[in-house]
Amino acid sequence: MAMERAAGFRNGIDVRVRLRREGASADVAFDGAWWPRSRLLTVELPELVAALATLGVRVDRFTYAVDAWDEAPPRKVPVAGRTVRTGGFRSMDAQLVSLTVDDDRRLDLLVVPPEADALTGVRALRFASLREVSPSASPQRALAVAGSSPRPEVAPLAGVRAG
């Protein structure tokens, strides 16, 4: 018996993508954020496209920075009975992916590194979806703002033995 997964979910876990809210300024560095779980586009891209489809966004083309991913996906990726064209470029910002949606509109998504800790990832997704994001907020600055402080180190007390 084959199980059918809901679009936008992987093993019951929601795909992590957020778009800017309606009414946001059009002159910003990115239109939302995506937090993939790996650097394997052959795995991550179909899930992203399916998740965006549940938000009413139809992806026609996906472009990415070649050096930011572990492997290049095929030039045409089948997703839910459709084909999404892909293209990799060395000149693109490694922290962005660009989507052509609904035949002519372009969306740039901030890519939260897959290895980001949970607090940083959630903050970056939330920050990228705000209406008030400054036009000067570069992907690097957005990720720096979202960055969580390092966890405190636990140092053993001198002269104290366990047990």
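Is Arg58 buried, partly exposed or exposed? At 41% relative accessibility, Arg58 counts as partly exposed; buried means under 20% relative accessible area, exposed over 50%, and partly exposed in between, with a 1.4 Å probe and protein chains only. Keep those words in mind for the tour.

**Before you click**

You are looking at a predicted model, where local features need pLDDT of at least 70 and side-chain atom pairs count only at pLDDT 80 or more, while totals for chains, interfaces and linings use all residues. Residues are numbered from 1 along each chain as its sequence is written, and side-chain values use heavy atoms, with hydrogens and water left out.

**Stop 1: the whole protein**

Show the cartoon view. The protein has three helices and nine strands. These are DSSP runs numbered from the N terminus: helices are H or I with at least four residues, strands are E with at least two. Follow the chain along the sequence and you will meet the pattern β-β-β-β-α-β-β-β-β-β-α-α. Of the 163 residues, 40% count as buried.

**Stop 2: Arg58 and its partner**

Now select Arg58 and Asp60. They form a salt bridge, and their closest N and O atoms are 3.2 Å apart. A salt bridge here is a side-chain nitrogen of Lys or Arg within 4 Å of a carboxyl oxygen of Asp or Glu. Asp60 is buried, at 9% relative accessible area, whereas Arg58 is partly exposed. Add Arg82 to your selection: Arg58, Asp60 and Arg82 are linked in a network of salt bridges. The whole structure holds seven salt bridges.

**Stop 3: around Ser98**

Go next to strand 8 (residues 96-101) and pick out Ser98. Ser98 is buried, with a relative accessible area of 9%. Which side chains does it touch? A polar contact of 3.2 Å joins the side chains of Ser98 and Arg106, and another of 3.0 Å joins those of Ser98 and Asp108. A polar contact is a pair of N or O atoms within 3.5 Å; within protein, one must be able to donate a hydrogen and the other to accept it, and residues adjacent in sequence count only if both atoms are side-chain atoms.

Arg106 and Asp108 also form a salt bridge with each other, their closest N and O atoms being 3.1 Å apart. Arg106 is exposed at 57%, while Asp108 is buried at 12%.

**Stop 4: Asp102 and Arg105**

Select this pair for another salt bridge, with the closest N and O atoms of Asp102 and Arg105 3.3 Å apart. Asp102 is partly exposed at 32%, and Arg105 is partly exposed at 41%.

**Stop 5: helix 2**

Colour residues 118-128, which make up helix 2, and highlight its buried residues: Thr120, Gly121, Ala124, Leu125 and Ala128. Why do they sit on the same side of helix 2? They do so because they cover an arc of only 130 degrees around the axis, the arc being that of the directions from the helix axis to the C-beta atoms.

Then select Asp117, which caps the N-terminal end of helix 2. One of its side-chain oxygens lies 3.2 Å from the backbone nitrogen of Leu119.
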